[in-house]
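Work through the exercises below with the sequence and the model at hand. Each task is followed by a solution in steps.

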Amino acid sequence: MTNILLPTSTAGSLPKPSWLAEPEALWSPWKLQGDALADGQRDALQVALHEQTQAGIDIVSDGEQTRQHFVTTFIENLNGVDFEQRKTVTIRDRYQASVPTVIGPVSRQQSVFVEDAKFLRKQTKQPIKWALPGPMTMIDTLYDDYYHSREKLAWEFAKILNQEAKELEAAGVDIIQFDEPAFNVFFDDVNDWGMACLERAIEGLNCETAVHICYGYGIKANTEWKKTLGDEWRQYESVFPKLQKSNIDIISLECHNSRVPIELLELLRGKKVMVGAIDVASQVIETPEEVAQTLRQALKFIDADKLYPCTNCGMAPLSRATARAKLAALSAGSKIVRAELAQT
Ligand SMILES: [Zn+2]
């Protein structure tokens, strides 16, 4: 896919231009409607791609410019979910949100992101990565008044995600990534059925597959939650062994500025790892040397040909200037380590 050592990428989202949506917010309403919105989203996708290539990012994405939210936008395109009937639930055991209700069998009305992926594919020859929500994270963002079973609903979503993933693969996507922050919260469920659902979602795919597991965007609910986790964040320890044995090719995780003990990466030995070397919960721009230092630490546990420098999570809530500077730091830091590896 790419011959470069330490190919850089982002977890997925980038800030949207202020003419498209309110900046520095999640679930930010669109500022355009109808055809103007569709045009605006495509224009923003091109801008996001341009900013990644300008920053020297190797594996590029759409910056998630056509979606309002990484989970909700996918669900909006499904049958069986009523967005008018809303219930307040606690997302990831952490914060309350008003969510739509599952009222019948869930199925995909049509392709959700495939046209966007084809559009991105036409714009670049670089490898492209496309993010989809993971089944467990999807069920955590809904009130289920039909299946009455988290496992059953997640399995149905896995089948739907698999249909979408196969179309994305056919559209020329090189890496399909499933975002599963819920894997960092519901450990027993992950091991009982969450991993099986994820494997169902990637069934029959020939492109590379990734799962992104993080401690969330830099929003208040997440930073408050992180304060309760103590000096060592060992959440990954519960799910890494199962991920290591899974058919998923790449694990995307949070490292820089987090309290995840770096030696937990040993549990993933043999897998490709997207190492978060950029903190998305801070406005402070990393220096290239700080990025390099995080990568050097990770290299103790990951072979150089399996290390993919990345961001800790999506950058949607950041300002565009901050995101641009952080992407440039990611590139520059990776370059330092690449040069060091070339000398050894
Ligand atoms: Zn994330």
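**Exercise 1. Determine how strand 6 and strand 7 are joined, and place them in their sheet.**

Step 1. Strand 6 (residues 208-213) and strand 7 (residues 250-254) run parallel and are joined by four bridges. Strands here are DSSP runs of E with at least two residues, and helices are runs of H or I with at least four, both numbered from the N terminus. The model is predicted, so local features need pLDDT of at least 70 and side-chain atom pairs count only at pLDDT 80 or more, while totals for chains, interfaces and linings use all residues. Residues are numbered from 1 along each chain as its sequence is written.

Step 2. Within this pair, Ile213 stands opposite Leu253 of strand 7.

Step 3. An open sheet of six strands, paired in parallel, has the order 3-5-6-7-8-9; two strands pair if DSSP finds at least two bridges between them. Its edges are strand 3 (129-133) and strand 9 (307-310), each of which pairs on one side only. On average, neighbouring strands of the sheet are turned by 25° against each other, direction ignored.

**Exercise 2. Is strand 3 largely enclosed or open? Describe its surroundings.**

Step 1. All five of the five residues of strand 3 are buried, so the strand is largely enclosed by the rest of the structure. Buried means 20 or more other C-beta atoms within 10 Å of the residue's own, exposed means 12 or fewer, and partly exposed lies in between, with C-beta atoms placed from the backbone.

Step 2. The burial applies to both faces: Lys129, Ala131 and Pro133 lie on one side, Trp130 and Leu132 on the other.

Step 3. Strand 3 runs parallel to strand 5, joined by five bridges, and Trp130 stands opposite Ile176 in strand 5.

Step 4. Helix 5 lies across strand 3 and strand 5 (175-179), at about 170° to strand 3. Axes are lines fitted to C-alpha atoms, for helices over the stretch in contact, and angles run from 0 to 180 degrees between N-to-C directions.

**Exercise 3. Classify the packing of helix 5 on helix 6.**

Step 1. Helix 5 (residues 150-170) and helix 6 (residues 187-201) pack with their axes 7 Å apart, at an angle of about 25°. That makes helix 5 roughly parallel to helix 6 (angles under 35 degrees are roughly parallel, over 145 roughly antiparallel, 65 to 115 roughly perpendicular, the rest oblique).

Step 2. The crossing of the two helices is right-handed, that is, the near helix is turned clockwise from the far one by less than a right angle.

Step 3. Residues are in contact if their C-beta atoms, placed from the backbone, lie within 7 Å. Those of helix 5 include Trp155 and Leu161, and those of helix 6 include Trp193 and Cys197.

Step 4. The contact of helix 5 with helix 6 has eight nonpolar, one polar and five charged residues (nonpolar: Ala, Val, Leu, Ile, Met, Phe, Trp, Tyr, Cys and Pro; charged: Asp, Glu, Lys and Arg; polar: the others, Gly among them).

**Exercise 4. Do the same for helix 9 and helix 10.**

Step 1. The axes of helix 9 (residues 288-299) and helix 10 (residues 320-343) come within 7 Å and cross at roughly 55°, which makes helix 9 oblique to helix 10.

Step 2. This crossing of helix 9 and helix 10 is right-handed.

Step 3. Among the residues that meet are Val291 and Leu295 in helix 9 and Leu330 and Ile336 in helix 10. The contact divides into nine nonpolar, two polar and two charged residues.

Notes. Two residues are in contact if their C-beta atoms, placed from the backbone, lie within 7 Å.
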